Amino acid sequence: AAAAAAAAAGVARRPQGPRPSTQLPPIPARVEQLEQLSNRELFALLTDRDKYAAFFHQLEGPVRLQKLRESMAAECEELAQGTLSKEPRLAELRNQINVLRSSQVVDARAQYDAAARQQADLLDQADPGLLVERLTSAIDEVDRKSQECAEAFAGRHGREPPSHQDLSAFMADYRELRELYHLRQAKKQVYCSLHPSSRSFQV
């Protein structure tokens, strides 16, 4: 019984591995391609989805975002491997709990509770449903904010072309929100591809 308690305590003292970096590349203060366009051309980008998409995907930012997605996929895979490495310890804790349940030692109940708490903590850290739920909520939140940003800009200007300064400010805010949206979508897709059972939790 004492050996089982010591093993359970050892799990609690095990240091956590480094968390993967999710920092986005810095957003440039200036976009030369935008500065070279006239106000009429800039306004056309805002009213034509195809033109905007073609312009956006030739910028350096989307290229860097794709590289970041690939980097995140590698980091998520490493994190998944770390989670899988906990399975032997979980199995060992389950065996210890079974031993403690059948033990007649006076302090068996206290030791069993300690091992059960350790097991619950490990399972909570690797709960796919909870992780997918949090990612989905974060994705929906930033998508809503970007939509509100676009609607507010359209409401201020109507059919009149905006000033270059106002348009640049809007583009910077909107691009930042959409890059964050796609980053979170990439995380969710990578996680679900590495954990097929988590797809049932997607909403």
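Start by selecting α3 (39-47) together with α9 (164-194) in this predicted model, and turn the view until both helices can be followed along their length. Their axes lie 11 Å apart and the two helices pack at an angle of about 35 degrees, in a crossing that is left-handed. To see what fills the contact, show the side chains of Asn39, Leu42 and Leu46 in α3, which meet His164, Leu167, Phe170 and Met171 in α9. Sorted by class, the residues of this contact are 5 nonpolar and 2 polar, with no charged residues.

Keep α9 on display and add α5 (60-84) as the next selection. Here the axes of α5 and α9 come within 9 Å and cross at roughly 35 degrees, and α5 passes α9 in a right-handed crossing. On the α5 side, select Gly61, Leu65, Leu68, Arg69, Met72, Ala73, Cys76, Glu77 and Ala80; on the α9 side, the partners are Glu179, His182, Leu183, Ala186, Lys187, Gln189, Val190 and Leu194. Colouring this contact of α5 with α9 by class will show 10 nonpolar, 3 polar and 4 charged residues, whereas the contact of α3 with α9 has no charged residues.

With these helices still in view, move to the second largest pocket, which has a volume of about 900 Å³. A good way to find this pocket is to select Arg49, Tyr52, Ala150, Tyr174 and Arg178, which are the closest to its centre among the 30 residues that line it. Then colour the elements that each give two or more residues to the lining, namely α3 (39-47), α4 (49-56), α5 (60-84), α8 (128-157) and α9 (164-194). Which element supplies the largest share of the lining of this pocket? The answer is α9, the helix already seen packing with α3 and crossing α5, and its share is 8 residues. Taken by class, the lining of the second largest pocket consists of 16 nonpolar, 9 polar and 5 charged residues.

For the last stop, leave the pocket and select helix α6 (residues 87-102), where Arg89 and Glu92 both lie, 3 residues apart, or about one turn of the helix. Show both side chains and look between their ends, where Arg89 forms a salt bridge with Glu92 and the closest N and O atoms are 2.2 Å apart. This pair can be viewed against the result for the model as a whole, since a search of the whole structure finds 4 salt bridges.

How values were computed: Residues numbered from 1 in each chain as written. Predicted model: local features only at pLDDT ≥ 70, side-chain atom pairs only at ≥ 80, totals over all residues. Heavy atoms only, no water. 1 Å grid on protein atoms, 1.4 Å probe; cavity = no way out; pocket = protein on both sides within 12 Å on 5 of 7 lines; lining within 4 Å. Points joined across faces, edges and corners; volume = space filled by probe spheres on them. Helix = DSSP H or I, 4+ residues; strand = E, 2+ residues; numbered from the N terminus. Nonpolar A, V, L, I, M, F, W, Y, C, P; charged D, E, K, R; others polar. Axes fitted to C-alpha atoms, helices over the stretch in contact; angles between N-to-C directions. Left-handed = near helix turned anticlockwise from the far one by under 90°. Contact = heavy atoms within 4.5 Å.
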